[in-house]
Structure formats: C-alpha cells, structure tokens
Amino acid sequence: LSGKYDLICSNAVFQWYEDVALAVKHYYTMLNAGGVLAFTTFGKENHFEFADSAERGGALGYRLNYKDKDEILAKLDSGIKIEFEEKMVEEEFENLREYFRYIKKIGAKITQKEKNGISLTLFKNIEKNFFEKYCKNGKITVTNHIYFFIIKKEKEENGE
C-alpha cells in the first residue's frame with residue numbers, strides 16, 4: 001500500500017500486527033490532510049471463555065495474545081487525534097460444535113497447535129467446562145471484546 005488516501009478502513013486485521021501502534025503510524029503517514037484511518041481490533045477479553053474452558057480441560061495454548069488498549073494508545077504520538085470506543089458483545093451458541101462452525105465461517109481457526117484438530121475427549125471436556133461456567137439460557141456464551149479506532153489527520157498537516 002502506497003500513495004495518499006482520504007480513507008483507510010480495516011476490520012479485524014490489526015490484532016495480527018506485532019506492534020499495532022507502529023502499524024497505525026505507518027497508515028497515518030499515508031493519509032491526505034483531513035483523511036481518516038478507521039479500524040477495529042479485538043481486546044484482551046475476546047473469546048476468553050473458550051481459552052478458559054480449554055485450560056480447565058487441560059489444554060494450553062488456546063489463548064490468543066490480543067493487545068491491551070492502553071498498550072496501543074500509550075505508544076501513539078500525542079499529536080494524533082484519536083476517537084476510541086470499546087464494546088463487549090456477547091453471543092450465544094447451542095453447543096461447542098455450533099461455536100466452532102461460527103469460528104470457521106468467519107475465517108478464523110481455534111488453533112494451529114493441533115494439526116489434526118481437537119480430540120473428541122478434549123472437545124467434550126471443553127464443552128462441559130463451557131456449560132458449567134459460561135452458560136446462559138441453556139447456551140454457551142462467548143464475549144466479543146471490540147476496540148473501535150477513528151484517527152483523523154488534521155487539515156494543516158503536510159502544508160495542506
């Protein structure tokens with residue numbers, strides 16, 4: 001990506017950057033004066049229920065390392081105008097299989113740790129743990145922890 005843009009948008013990509021603030025700075029330099037960088041990424045608590053249920057079932061390595069908002073914001077230049085919002089949105093699933101279908105449908109993976117997938121025994125343990133601790137209305141509940149960023153480049157920057 002090169003050039004100058006009035007709008008750069010991204011949904012659910014920035015969590016893959018090792019240094020989110022560095023990525024923001026890079027895209028910010030690509031904005032025209034008055035341009036906007038708008039993106040969403042996931043927070044530390046995103047789908048924590050699955051990771052916790054897996055860990056309680058004896059499986060480690062299912063917790064993703066999402067960045068904390070303070071970590072991201074602290075690294076950004078104080079001259080950058082940032083609008084930030086955070087939301088926690090719960091979703092309910094009939095069972096763990098339905099949750100896995102959802103994950104697959106959105107293009108994500110539960111893990112790259114298990115080349116052949118999760119064993120039936122582990123699957124049953126995770127589902128049991130899910131229902132014991134994260135059940136509402138007879139369904140398992142998963143939290144989407146979402147950060148919304150809107151960053152505007154001031155008109156007077158770049159001599160424009």
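A salt bridge is taken here as a side-chain nitrogen of Lys or Arg within 4 Å of a carboxyl oxygen of Asp or Glu, and by this criterion the structure, which is a predicted model, holds nine salt bridges. The close-up views below take up some of these pairs, together with strand β2, helix α2 and several individual residues.

**View 1. Strand β2 between its partners β1 and β5.** Strand β2 spans residues 31-42, and because nine of its twelve residues are buried, it is largely enclosed by the rest of the structure. On the β1 side, six bridges join β2 to strand β1 (residues 5-11), the two strands running parallel; Y5 stands opposite L31 in this pairing, and S10 has F39 as its bridge partner in β2. With strand β5 (residues 139-152), by contrast, β2 runs antiparallel and is joined by seven bridges, F42 of β2 standing opposite I146 of β5. The elements β1, α1 and β2 together make a right-handed β-α-β unit.

**View 2. Q15 in the loop between β1 and α1.** The residue Q15 belongs to the loop between β1 and α1, and with a relative accessible area of 11% it counts as buried, because the cut-off for that class is under 20%. Leaving aside neighbours within four places in sequence, the contacts of Q15 are with T41, F42 and Y66. A polar atom of the Q15 side chain also lies 3.0 Å from the backbone oxygen of A12. As a longer-range reference, the C-alpha atoms of Q15 and E90 are 19 Å apart in space, while the two residues are 75 residues apart in sequence.

**View 3. Y27 in helix α1.** Helix α1 covers residues 20-29 and includes Y27, whose relative accessible area of 15% places this residue among the buried ones. Measuring across the model from C-alpha to C-alpha, Y27 and E91 are separated by 32 Å, with their positions 64 residues apart along the chain.

**View 4. Helix α2 and its packing.** Helix α2 runs over residues 48-56, and its buried residues are E49, F50, A51, D52, S53 and A54. The buried residues of α2 pack against α4 (96-105), α5 and β5. After the helix comes G58, which has a positive phi, near 95°. Charged side chains are also part of this view, since D52, R56 and K133 are linked in a network of salt bridges.

**View 5. The E55–R63 salt bridge.** E55 forms a salt bridge with R63, in which the closest N and O atoms are 2.8 Å apart. Both partners belong to the intermediate accessibility class: E55 is partly exposed at a relative accessible area of 29%, and R63, with 43% relative accessibility, counts as partly exposed as well.

**View 6. The E85–K87 salt bridge.** The side chains of E85 and K87 meet in a salt bridge with an N to O distance of 3.7 Å. E85 is partly exposed, its relative accessible area being 41%, and K87 is likewise partly exposed, at 40%.

**View 7. The K139–E94 salt bridge.** K139 and E94 meet through their side chains in a salt bridge, at 3.3 Å from N to O. This pair links distant parts of the chain, since K139 lies in strand β5 whereas E94 lies in the loop between β3 (81-93) and α4, the two being 45 residues apart. K139 counts as partly exposed at 26% relative accessibility, and E94 is partly exposed with a relative accessible area of 42%.

**View 8. E127, a buried acidic residue without a salt bridge.** Helix α5 (residues 120-133) contains E127, which is buried yet has no salt bridge, the nearest side chain of opposite charge being that of R97, 7.1 Å away. Because a salt bridge requires the nitrogen to be within 4 Å of the carboxyl oxygen, the separation of 7.1 Å between E127 and R97 does not qualify. The side chain of E127 instead reaches the backbone nitrogen of L96 at 2.8 Å. Not counting residues up to four places away in sequence, E127 touches N95, L96 and R97.

Technical notes
Residues numbered from 1 in each chain as written. Predicted model: local features only at pLDDT ≥ 70, side-chain atom pairs only at ≥ 80, totals over all residues. Heavy atoms only, no water. Helix = DSSP H or I, 4+ residues; strand = E, 2+ residues; numbered from the N terminus. Buried < 20%, exposed > 50% of the residue type's maximum accessible area, 1.4 Å probe, protein only. Lys, Arg positive; Asp, Glu negative; His and termini not counted. Polar contact = N/O pair within 3.5 Å; in protein donor to acceptor, adjacent residues only side chain to side chain. Contact = heavy atoms within 4.5 Å. Pairing = 2+ DSSP bridges. Right-handed = clockwise from strand over helix to strand, strands pointing away.
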